[in-house]
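Me: I would like to go through the contacts between the chains of this model and ask, for each term, what justifies using it. Please set the values against the criteria as you go.

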Amino acid sequence: MINMLEQIRETNPLVHCMTNVVVTNFTANGLLALGASPVMAYAKEEVADLASIAGALLLNIGTLSSEQIDNMVLAGKAANKAGVPVIMDPVGAGATTFRTSMSKRILDEVDVAILRGNAGEIASLVDVEANVKGVDGSMEGDKIELAKQAALHFSCTVVVTGEVDVITDGSIVHTVYNGHPWLTKVVGTGCLLGGVVASFAAVGREDLVNAAKEAVTYFGIAGEKAYEKTKEKGIGSFQEAFLNCLFTLTDQDVDELRRTEA
Amino acid sequence: MINMLEQIRETNPLVHCMTNVVVTNFTANGLLALGASPVMAYAKEEVADLASIAGALLLNIGTLSSEQIDNMVLAGKAANKAGVPVIMDPVGAGATTFRTSMSKRILDEVDVAILRGNAGEIASLVDVEANVKGVDGSMEGDKIELAKQAALHFSCTVVVTGEVDVITDGSIVHTVYNGHPWLTKVVGTGCLLGGVVASFAAVGREDLVNAAKEAVTYFGIAGEKAYEKTKEKGIGSFQEAFLNCLFTLTDQDVDELRRTEA
Amino acid sequence: MINMLEQIRETNPLVHCMTNVVVTNFTANGLLALGASPVMAYAKEEVADLASIAGALLLNIGTLSSEQIDNMVLAGKAANKAGVPVIMDPVGAGATTFRTSMSKRILDEVDVAILRGNAGEIASLVDVEANVKGVDGSMEGDKIELAKQAALHFSCTVVVTGEVDVITDGSIVHTVYNGHPWLTKVVGTGCLLGGVVASFAAVGREDLVNAAKEAVTYFGIAGEKAYEKTKEKGIGSFQEAFLNCLFTLTDQDVDELRRTEA
């Protein structure tokens, strides 16, 4: 049994999150429920200090400004220098030119360890958007190809999320079938997943593909269990139950409920 | 039966929200619960792009800065050009000179389709604050006059919320009696209502007075039902139940429970 | 019986919060649950106006930038001039040089009435960090000395929170044993406590040590009761139950459940 949850709960890794204003509270509460120690900090005067002592750094461009991207690059470079894995979430890449170009700027200037996005976002970064429009979840074959292409292009681990999640470093490929559609009805679940991947990366630096796969599996199972408990009530209750599941799930639960393929 | 909820849930209109940092998460979750697709974006480099492809644009000045107002005007003008209805919430207008003048600036430079505020806020924008101090909810007659005056002054639909809500374009007047006082004990319900009005406007552009009235009615009924379910527990539970009600209410529920007058 | 909750609920004091983006929603909802009237405002054009009419001003540097600190100083000076108590929360002081120096800047330029932090934060501001590393909660004796030292150094009331909370003005010392470890598993509880202290200060200006002690006691008891109701469920449910307890606790409950020493 892979005991990554136990490791996180014993070591409470510091996860420096530079994320968007919509999800910052939910991300922090999700990481606390998991057992990590989130720290949210954005100022140019301190991001390098914090990134270099963190267990992992999360860069999420959800409500970006040019200045924030400058600070993310600053933090990312400090993390690189200190050997701290950088997890990047290019929220909305492809939706506006600004997001696509800012995402590419980060990927150009920072050594990103894990890139997490949906098929459309990842496709826009490797300039193949035309091919994958509407792919999300429905055409796993194409999604695996896309993920591998991005992983090779950026020399990093790529997590393409959707109805099925694909995790790959360009050669090893994992697919995760856990998860539930209600996760898409709470804002910031994808963003929180970036933080969860960062937390797993902090304790599993030696094998980032495995860390990302375990993070995605745990997250999906929590979504399934939360749905079972709240399907009669509604999405407000699901949000609470999901945090409860992140808090109570054990490594053993994950092993029993995983639906993954390598 | 007016089937606007069904339309929203089938078409998931994109609602571009430029709102305040206090309520951004709650607004996004409320709109997802309703069935809309919220997108929060603030940067000058992209707001025009997003506003022009949205179903509606929400401008809420709750935690304004001069720079954000510049960006709101930019987005508003793009929305106008594309025929996208702009919903404006002048949070705290009248409370500080800055808020009043920034609200007037937006109304001056952008063609606002629906203006939503409480009596004090709306009054400050048409320079009649002296007359309406303390009016909120208690003097419906004056509130109707105020709403009509503002609607004619700004050539838009005006929603004045309070114990009773008034919706008017200056000639047609609707009053909505649905709602519950506990809605005022959760931060951001008024702000979320702005987003809900925007979502209804996105699917009901041809009759904005009706869209706003339906939005306010649905919102009020959700508050009433949430109170019934949680009055023994407290305001923390109300917040969750309210999201559940936004998620589960149907057009038929709204028709059965509406308390409105035309 | 000290009836401060009753006073807050009858007068709904306006609490101007300049706080961080992670906790702003939770702080506002917590203060509404308590019965205060939170207003979140940050712009240089209006913070002085709002601070001078508030019942109390909260300055929390959680996601600081240089510009925000400028605005906090502006607000703080206006509050000082108007006799409005300023409550300061130096989040993360000691963790980065930037936070320590910005905290000291505020304390230098603004007359802070109540300073609230954990032992590490407070220690960093009086330059004794070496002595107190790891002290938090475990060495009450040292913590009392630290709090008294800070109170004398800054001529204010100091609240050092942890497993045991210490409140002192340098001569009178209160220790509060109420509280629960799960409060540390929800983000922003410490920040919200700053707002709760501000609310109590607004109605208890004539005795700030007492106001701070009552605030901390009420808060701790709410945490204990919320834990009892949700320990089988998890931290997502605790968050909701905690807001419910803030909403429903009475002065009599607090008197019956207090575990404090003077």
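Me: What makes residues of chain C and chain A count as being in contact?
Reply: In this predicted model, 25 residues of chain C are in contact with 20 residues of chain A, and they are counted because heavy atoms lie within 4.5 Å.

Me: How do you know how much area chain C and chain A bury between them, and which residues of chain C supply the most?
Reply: The accessible area lost on putting the two parts together, summed over both, comes to about 1,800 Å² for chain C and chain A, with 58% of it on carbon and sulfur atoms. Within the area that chain C buries against chain A, V22(C), F98(C) and V187(C) supply 25%, more than any other three residues.

Me: Why is the pairing of E46(A) and R99(C) called a salt bridge?
Reply: The side chains of E46(A) and R99(C) meet at 2.7 Å, N to O, and the criterion is a side-chain nitrogen of Lys or Arg within 4 Å of a carboxyl oxygen of Asp or Glu; the pair therefore qualifies as a salt bridge. The count between chain C and chain A is one salt bridge.

Me: What makes R99(A) and E46(B) a salt bridge?
Reply: Their side chains meet at 2.7 Å, N to O, which is within the 4 Å cut-off, so the term applies. As for the helices, α2, α3 and α11 of chain B each supply at least two residues of the side that touches chain A, and α2(B) gives the most, with six residues.

Key: Residues are numbered from 1 along each chain as its sequence is written. Chains are lettered from A and ligands numbered from 1 in the order in which they are written. This is a predicted model: local features need pLDDT of at least 70, side-chain atom pairs count only at pLDDT 80 or more; totals for chains, interfaces and linings use all residues. Side-chain values use heavy atoms; hydrogens and water are left out. Helices (H or I, at least four residues) and strands (E, at least two) are DSSP runs, numbered from the N terminus. Buried area is the accessible area (1.4 Å probe) that two parts lose on being put together, summed over both.
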